[in-house]
Amino acid sequence: PWESTSASAASCRRWPMPMLPFRFIDEMRAFKIICDTGTMGTDAQLLWVHFFLEANAQRWPESLDYSPRKYARRLGLDVRRIRAAVKELVAWRMVIHIGYNQKAQSIRLRTCVPIAKTLQGGPDSYHMRLPGLDEECG
């Protein structure tokens, strides 16, 4: 049987849990609300889930390295579709794309909770214009 030792306890102190920028389950619930509207493309949905799970696997880095070709290979999509999906996620305010058309690009995830609350008719503090529902992002 496994027993706790002081060595294993010491290794836990060396690898503390990171401060999460948002709660995993809240984000997944909010994402489902967004998907249920039917206004977000399937490529954007797939890419967001991939970004989200990759960030979780990397213990929530500030940003993810992003290469359209890398994600096209991983997801079996054309590079143009990946780029279009990223633009859609930016329009939805779900990601921030840094370094557009540059060699070194990255993606920062943003919380989905305010978007979901807006879609559900939540508090006025969460009001924002959303693609597919309004003309432009504001």
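## How two helices and a small group of strands fit together

Pro68, Arg69, Tyr71, Ala72 and Leu75 of helix α4 meet Val79, Ile82 and Arg83 of helix α5. Sorted by type, the residues of this contact of α4 with α5 are six nonpolar, two charged and no polar. Keep in mind as you look around that this is a predicted model. Besides the two helices, there is an open sheet of three strands to get to know.

**The helix pair**
- Two packed helices are described by the angle between their axes and the distance between the axes.
- Here, α4 (residues 68-75) packs with α5 at an angle of about 110°, and their axes are 8 Å apart.
- Angles of 65 to 115 degrees count as roughly perpendicular, so α4 is roughly perpendicular to α5.

**The sheet**
- Its three strands follow the order β1-β3-β2, and the pairing is antiparallel.
- β1 (64-66) and β2 (95-98) are at the edges with a single partner strand each, so one side of each has no neighbour in the sheet.
- From one strand to the next, the twist averages 30°.

**A closer look at β1 and β3**
- Strand β3 covers residues 105-109, and three bridges join β1 to this antiparallel partner.
- To find a bridge for yourself, start at Tyr66, whose bridge partner in β3 is Gln105.

**Where helix and sheet come together**
- Which helix lies across β1, β2 and β3? Helix α5, made of residues 79-91, does so, and it runs at about 125° to β2.
- Helix α5 thus links the two topics above: α5 packs with α4 and also lies across the three strands β1, β2 and β3.

Definitions and conventions
Residues are numbered from 1 along each chain as its sequence is written. This is a predicted model: local features need pLDDT of at least 70, side-chain atom pairs count only at pLDDT 80 or more; totals for chains, interfaces and linings use all residues. Side-chain values use heavy atoms; hydrogens and water are left out. Two strands pair if DSSP finds at least two bridges between them. Helices (H or I, at least four residues) and strands (E, at least two) are DSSP runs, numbered from the N terminus. Axes are lines fitted to C-alpha atoms, for helices over the stretch in contact, and angles run from 0 to 180 degrees between N-to-C directions. Contact means heavy atoms within 4.5 Å. Angles under 35 degrees count as roughly parallel, over 145 as roughly antiparallel, 65 to 115 as roughly perpendicular and the rest as oblique. Ala, Val, Leu, Ile, Met, Phe, Trp, Tyr, Cys and Pro count as nonpolar, Asp, Glu, Lys and Arg as charged, and the others, Gly among them, as polar.
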